[in-house]
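Student: I should like to learn how empty space inside a protein and the packing of helices are read from a model. Could the tutor please guide me through an example?

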Amino acid sequence: MDATTPGTLARDILEREDVRQALAEHDFAAAFALIKKYGGLSQNRIASACHLTPGKISTIISGQQQVTSFEVICRIADGLRIPGHLLGLGPRAWETRPVQADPSPEPEGERPSTDEVPWRPDATVDLAANLTRSDLVMDRRAATRALAGAAITGAALLDPLEGWLQPAASAARPRRRGRLGAREVEELESTARAFRAWDHKYGGGLRRKAVLGQLSEVAAHLDEHQAPRVEQRLYQVMAQLAGTAATMAWDTGLQHRAQKYYLLALRAAHAGGDMVFGANVLAGMARQMLYRDQPQDALELIRLAQDGARHVAGPRVRSMLHTREAWAYAGMSRTAAFQRATTQAAEALVDAQPGEEPYWIAYFNEAELAGTTGGRLLDLARQDPKRHAEAAATEIRQALDRRGPEASRSHALDRIGLAQCHFLLGDVNAAVEETQRAVDAARATRSSRVRAQLGELYTYTVGNNTARPVREARDRIRDLLST
């Protein structure tokens with residue numbers, strides 16, 4: 001069932017007091033039983049509408065399993081057309097949106113697919129122009145479809161990236177003479193740096209179209225014949241803008257779009273001879289794979305980054321790459337390999353000196369290392385709390401003590417992680433206090449990653465219905481996620 005299909009429940013069912021009470025309390029065992037009894041819906045039909053299995057519905061009705069996932073609650077609301085306010089959610093999209101006719105065609109610029117574009121500078125310029133053109137004219141329906149696009153994985157992702165390790169091919173073509181000078185390039189570099197700082201601080205896609213507009217302008221300049229040094233710097237600016245566009249797209253849930261901009265950033269770094277930033281782009285792609293539960297793909301991407309930048313990467317970049325490597329090992333439950341890579345990251349960072357590496361890696365300091373390590377220990381703690389939860393909490397506290405105000409997205413993620421550590425350790429009072437701080441921190445960002453992690457924290461607050469503070473913390477999470 002999509003967001004425009006009429007609902008399956010009669011209005012009088014949703015007006016019943018017992019149904020409303022069950023929905024308000026998220027007592028889906030009672031709610032589903034009442035819907036079966038008075039709405040005439042079978043378990044199979046409820047399951048189909050909510051994109052759940054009949055077995056899942058059966059275990060919920062029997063009380064063997066509770067619905068703790070915020071995402072599943074939203075699917076139930078949308079599948080059965082239960083107005084958001086009955087579940088403590090905000091108004092659902094279908095409550096105000098009319099039924100749409102046939103979908104509009106895909107925006108232009110989607111072809112050729114990125115893996116068919118040769119690793120030539122001129123092809124990279126064309127790719128940038130096509131991507132930005134299609135994104136800048138994207139309407140709401142196209143954006144909704146883009147949200148459903150999944151990132152590609154496996155050989156389809158990895159094989160085309162082998163060109164990263166080869167010299168850039170040349171392809172001469174007639175071009176207009178460009179007159180861009182060093183001063184104009186410096187202004188473009190400054191703008192790219194400002195956009196990156198904004199994204200690091202706030203997250204989300206509030207300025208995404210501004211970044212795309214600037215990226216389109218750089219592509220237009222590169223379509224002209226510039227002086228060699230100007231051209232090289234323009235490709236490096238393109239890489240940085242495309243990297244920021246990728247992060248912003250990912251932070252707003254546009255997974256496939258994010259991957260396209262990561263690939264553009266990698267190609268632009270390749271054309272500009274910036275192997276170090278290219279390694280950083282591959283690390284970003286690896287992080288996306290890790291959030292998609294694809295640790296093996298992530299590890300392959302990190303190895304590709306390490307191979308390409310082995311002789312040019314500074315200590316901060318090497319340390320960051322080791323943390324992504326450790327993250328992949330944690331995702332595969334390879335604890336010993338995780339510890340080895342984490343030790344290598346710490347050892348590399350010891351050699352880092354202020355100002356010796358590019359500005360975009362300056363964020364990776366002791367606080368970032370501690371936060372990343374704590375997050376990965378938390379991943380391991382979910383499987384073995386007694387062994388890893390306290391160590392995770394210690395690392396995350398160190399990150400919180402050292403982070404500055406320029407990293408509000410990371411600060412929010414740390415707070416959420418620390419709250420989960422307390423829940424895993426059984427310290428409910430500390431968990432509630434940290435959950436309240438996490439919600440406050442999350443309100444300061446526009447990051448869908450933060451909201452997704454807050455949705456995971458929500459599951460820890462379910463099943464403690466006798467504790468009023470836990471219920472209050474759960475309500476605050478729900479209120480924020482519903483807006």
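Tutor: Let us begin with the interior of this predicted model. The largest cavity has a volume of about 30 Å³, and the count of cavities of 30 Å³ or more comes to one.

Student: How is empty space of this kind found?

Tutor: A probe the size of a water molecule is rolled over the atoms, and this shows where empty space is left.

Student: Which residues line the largest cavity?

Tutor: The lining consists of Thr323, Ala326, Phe338, Thr342, Thr372, Thr373 and Arg376. By class, two of the lining residues are nonpolar, four are polar and one is charged.

Student: Which helices supply at least two residues each to that lining?

Tutor: Helix 17 (315-331), helix 18 (335-350) and helix 19 (366-381) do so. Helix 19 gives the largest share, three residues.

Student: How should I describe two helices that pack together?

Tutor: Two packed helices are described by the angle between their axes and the distance between the axes. Here, the axes of helix 15 (residues 275-291) and helix 17 come within 10 Å and cross at roughly 20 degrees. Because angles under 35 degrees count as roughly parallel, helix 15 is roughly parallel to helix 17. Their crossing is left-handed.

Student: Which residues of helix 15 and helix 17 meet?

Tutor: From helix 15, Val276, Ala279, Asn280, Ala283, Gly284, Arg287, Leu290 and Tyr291 take part; they meet Val317, Met320, Leu321, Arg324, Trp327 and Ala328 of helix 17. This contact of helix 15 with helix 17 comprises ten nonpolar, two polar and two charged residues.

Key:
Residues numbered from 1 in each chain as written. Predicted model: local features only at pLDDT ≥ 70, side-chain atom pairs only at ≥ 80, totals over all residues. Heavy atoms only, no water. 1 Å grid on protein atoms, 1.4 Å probe; cavity = no way out; pocket = protein on both sides within 12 Å on 5 of 7 lines; lining within 4 Å. Points joined across faces, edges and corners; volume = space filled by probe spheres on them. Helix = DSSP H or I, 4+ residues; strand = E, 2+ residues; numbered from the N terminus. Nonpolar A, V, L, I, M, F, W, Y, C, P; charged D, E, K, R; others polar. Axes fitted to C-alpha atoms, helices over the stretch in contact; angles between N-to-C directions. Parallel < 35°, antiparallel > 145°, perpendicular 65-115°, else oblique. Left-handed = near helix turned anticlockwise from the far one by under 90°. Contact = heavy atoms within 4.5 Å.
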